[in-house]
Amino acid sequence: MPAPYIMAKQLLECVPNFSEGRDSVKIAAIADAAKGIEGAMVLGIEPDADYNRTVLTIAGEPEAVFIAAKRVIAAAAEHIDMREHSGEHPRIGAVDVCPFVPLEGVSMDDCVQLAQRLAKEVSEEFDLCTFLYGSSASDASRNLLSDLRRGQYEGFEQRLNDGGPHLP
C-alpha cells in the first residue's frame with residue numbers, strides 16, 4: 001500500500017508561458033523539462049496554436065518549483081528561435097512570463113524573491129535578458145507587462161539600442 005501523501009507546508013504555483021503553441025514535439029520537450037523533480041508537479045500544459053504560445057502550470061514546494069521553472073526556461077531557449085516565431089499574442093521572448101503565485105504558507109514577498117533570483121540566475125547562467133514586472137519590478141515604471149511588451153520581440157532590439165524613455 002502506498003504511503004500517504006503529506007501536504008507540503010509551503011506551496012506555490014508557477015505559470016511559465018512560452019512562445020510555442022504549434023509544434024507538439026517542442027512543446028513536449030519544454031514541458032518535460034519540468035517533470036521528475038521531487039516536490040514539484042506539472043498540473044497543466046495548454047498550447048494555443050493561434051497565439052503560438054503554451055501556458056504551463058507547475059505547483060509544489062518553492063525550491064522544487066524554482067528548479068522546474070529554470071529548467072523550462074533552459075529548454076525553451078534551446079528549442080525556440082524567436083526570429084522564426086509568429087503568433088497573435090504579444091511576446092518578447094521564448095519564455096514571455098514566468099510568474100510565481102503563493103498558495104499556502106508562502107507570501108507574495110517570497111514569490112518576488114524567487115522571481116528575482118530566477119531572473120538573476122537565468123541571466124548569468126544562460127546569458128539571457130530577463131525583465132521583472134509587477135510586484136517583482138525594481139522600478140515602478142516596469143510594473144505593467146504591457147509596457148515591457150510594447151513593440152513585441154521585433155521591436156525590442158531597437159528599444160534596447162535607443163535606451164530611451166520607453167525602455168523598461
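What pattern does the protein chain follow when read along the sequence? In this predicted model, the order is β-β-α-β-β-α-β-β-α-α-α. That string holds 5 helices and 6 strands. Of the 168 residues in the protein chain, 42% are buried. Contacts reach well along the sequence too: take the pairs in contact that sit at least 6 residues apart, and 66% of them join residues at least 24 apart. As for the outside, the protein chain exposes about 9500 Å², with carbon and sulfur atoms supplying 52% of that area.

Thr 54 makes a handy place to look at the fold up close. Thr 54 belongs to strand 4, which covers residues 53-60. Is Thr 54 buried or exposed? Its relative accessibility is 0%, so Thr 54 counts as buried. Leaving aside residues up to four places away in sequence, Thr 54 touches a stretch of partners that includes Pro 16, Asn 17, Phe 18, Glu 20 and Gly 21. Ile 27 is also among the residues it touches, as are Ile 45, Glu 46 and Pro 47. On the polar side, the side chain of Thr 54 gets to the backbone oxygen of Glu 20, at 2.5 Å. Ser 19 is 35 residues away from Thr 54 along the chain, yet the C-alpha atoms of the two are separated by 6.6 Å.

Just before strand 4 comes a backbone oddity. Most residues other than glycine have a negative phi. Asn 52 goes the other way, with a positive phi near 55°. Asn 52 lies in the loop that runs between strand 3 (40-48) and strand 4, and with a relative accessible area of 5% it is buried. Asp 127 also has a positive phi, near 55°. This residue is in the loop between helix 3 (108-126) and helix 4 (145-149). Where Asn 52 is buried, Asp 127 is exposed, at a relative accessible area of 71%.

The cysteines come next. How many disulfides does the structure hold? The count is 0. Cys 14 is in no disulfide, and the nearest cysteine sulfur, which belongs to Cys 98, is 3.5 Å away. A disulfide here needs two cysteine sulfur atoms within 2.5 Å, which is why a pair at that spacing is not counted. With 0% relative accessibility, Cys 14 counts as buried. Cys 111 is in no disulfide either; for this residue the nearest cysteine sulfur is that of Cys 14, 9.0 Å away. Cys 111 is buried as well, having a relative accessible area of 2%.

Ring contacts round off the picture. The tally of aromatic pairs comes to 0. Phe 66 does have a charged partner, though: the charged end of Arg 117 sits over the ring of Phe 66, at 3.8 Å from the ring centre.

Key
Residues are numbered from 1 along each chain as its sequence is written. This is a predicted model: local features need pLDDT of at least 70, side-chain atom pairs count only at pLDDT 80 or more; totals for chains, interfaces and linings use all residues. Side-chain values use heavy atoms; hydrogens and water are left out. Buried means under 20% relative accessible area, exposed over 50%, partly exposed in between (1.4 Å probe, protein chains only). Helices (H or I, at least four residues) and strands (E, at least two) are DSSP runs, numbered from the N terminus. Contact means heavy atoms within 4.5 Å. Accessible areas come from the Shrake-Rupley method with a 1.4 Å probe; for residues, only the protein chains shown count as cover. A polar contact is a pair of N or O atoms within 3.5 Å; within protein, one must be able to donate a hydrogen and the other to accept it, and residues adjacent in sequence count only if both atoms are side-chain atoms. Rings of Phe, Tyr and Trp (its six-membered ring) pair if their centres lie within 6.5 Å; planes under 30 degrees apart count as stacked, over 60 as edge-to-face and the rest as tilted. A charge sits over a ring if NZ of Lys or CZ of Arg is within 6 Å of the ring centre and within 35 degrees of the ring normal.
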